[in-house]
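Dear colleague,

Please find below the structure I promised to hand over. My notes on it follow directly after.

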Amino acid sequence: MCQSVETLRTSLDLTYVWDYREDGGVRELYARAKGAQWDGVRDLPWELSVDPEGDAFPDMSVPIWGSELWDRLSVKERRHVKHEATAWTISQFLHGEQGALLAASQLVEAAGTMDAKMYAATQAVDEARHVEVYERYLREKMQRSWPVADPLKSLLDQVLVDRRWDMKYLGMQIMVEGLALAAFGLMRATTEEPLLRALTTLVMRDEARHVAFGAISLRDVYRDMSEGELREREDFVVEASRLMRDRFLGTEVWASLGLPVAECTKYTLQSPVMSQFRVLLFSRIVPNLKRLGLLTPRVRPSLETIGVLEFEHLDPDADPGELLGALAPAA
Ligand SMILES: [Fe+2]
Ligand SMILES: [Fe+2]
């Protein structure tokens, strides 16, 4: 069992901003954020009952679906594995939301314009709401939750302890939230559970705004950066991409269920459906990296290796649901 409170030492530069003038696009995003607030209690159909082992959650979302191992399991065992795998995925959403809440509060401190601070404050409220609804869903409906996975934790740690303001935006708003937006889209596209679909739809609306905030805030930052500083950002993008591509595998689920971890992991990495899922997770990140001028010759080969460079031509502002609807693998 992990400790309930963990403390990290950070050294963020806090800024006062004495120039209160409007900052173009960010003020508009701030206005949109205020108008789009929703209530996690009032606006979701919590009265619906959910069967966490039921058919509303598709078997194909289980990483070992289609394997010989899966075929050997009884119907009852498959349902149990699906329950645990779904709870694991939603638990990682929850922990990622906490990371986003902490990062948004850091942006309030570190942002260099008042509009960005005000916008980041709305994002902190959004992220608090996301923590609220995912935690409630896990507790009431899944009745099961999992600790944060090591690769996700190390990525969050890296972003949260970094003192450079642009790394908060790049790490959290572009990489982690970009991945989350795609993951939520896949969840919404594949589950038929109405409460989770409604919840995910509302969360995605907020997340699309957060990614846009990151993209606006970093506009032109990397085009004028010195070679040495840019190299550090490139290295971060490459490392974070590798981490997100092949490390969020949920191996702890297999161990806890008494299933052969090596076999499950090998299958998960080879499964065509899972490979396609992992590639789709980059559908929002890659076009945004391109927009920021970060698809540099040092970054491109590693994105090519993990098979996600094809997304560079997508519209980074496209509706995530439509985008994934067009790209999602056939069941
Ligand atoms: Fe969020
Ligand atoms: Fe967010």
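Helix α3 (residues 75-110) and helix α5 (residues 150-161) pack with their axes 10 Å apart, at an angle of about 5°. Please bear in mind here and throughout that this is a predicted model. Angles under 35 degrees count as roughly parallel, and α3 and α5 are therefore roughly parallel to each other. On the α3 side the contact is made by Gln92, His95, Gly96, Gly99, Leu102, Ala103 and Gln106, and on the α5 side by Leu152, Leu156, Val159 and Leu160. By class, this contact of α3 with α5 has six nonpolar and five polar residues, and no charged ones.

A second helix pair concerns α1 (residues 25-35) and α7 (residues 194-217), which pack at an angle of about 165° with their axes 10 Å apart. The cut-off for roughly antiparallel is an angle over 145 degrees, and α1 and α7 are therefore roughly antiparallel to each other. Their crossing is left-handed. Helix α1 contributes Gly25, Val26, Leu29, Arg32 and Ala33 to the contact, while α7 contributes Arg209, Ala212, Phe213 and Ile216. Sorted by class, the residues of the contact of α1 with α7 are six nonpolar, one polar and two charged.

Further along the chain, the axes of helix α10 (residues 261-270) and helix α11 (residues 272-280) cross at roughly 65° and come within 5 Å. Here Thr268, Leu269 and Gln270 of α10 meet Pro272, Met274, Ser275 and Arg278 of α11. The residues of this contact comprise three nonpolar, three polar and one charged.

I turn now to the metal sites. The iron ion (ligand 1) is coordinated at 1.8 to 2.3 Å by Glu97 (OE), Glu127 (OE), His130 (ND1) and Glu207 (OE). Its four donor atoms make angles of 90 to 138° among themselves, and the site is irregular. In sequence, the donor residues of the iron ion (ligand 1) are spaced E-x29-E-x2-H-x76-E. Distant parts of the chain are linked in this way: histidine 130 lies in helix α4 (residues 114-142) and glutamate 207 in helix α7, 77 residues apart.

The iron ion (ligand 2) has Glu127 (OE), Glu177 (OE), Glu207 (OE) and His210 (ND1) as its coordinating residues, at 1.8 to 2.1 Å. The angles subtended by the four donor atoms around the iron ion (ligand 2) run from 87 to 158°, which makes the arrangement irregular. Along the chain, the donors of the iron ion (ligand 2) follow the spacing E-x49-E-x29-E-x2-H. Again distant parts of the chain are linked, with glutamate 127 in helix α4 and histidine 210 in helix α7, 83 residues apart.

How far apart are the iron ion (ligand 1) and the iron ion (ligand 2), and which glutamate coordinates both? The separation is 3.2 Å, and the glutamate is glutamate 127. Glu207 (OE) likewise appears among the donors of the iron ion (ligand 1) and among those of the iron ion (ligand 2).

With kind regards

Terms used:
Residues numbered from 1 in each chain as written. Chains lettered and ligands numbered in written order. Predicted model: local features only at pLDDT ≥ 70, side-chain atom pairs only at ≥ 80, totals over all residues. Heavy atoms only, no water. Axes fitted to C-alpha atoms, helices over the stretch in contact; angles between N-to-C directions. Helix = DSSP H or I, 4+ residues; strand = E, 2+ residues; numbered from the N terminus. Parallel < 35°, antiparallel > 145°, perpendicular 65-115°, else oblique. Left-handed = near helix turned anticlockwise from the far one by under 90°. Contact = heavy atoms within 4.5 Å. Nonpolar A, V, L, I, M, F, W, Y, C, P; charged D, E, K, R; others polar. Donors = N, O, S within 2.8 Å, 3.2 Å for Na, K, Ca; no water. Tetrahedral: all angles 85-135°; square planar, octahedral: opposite > 155°, others 65-115°.
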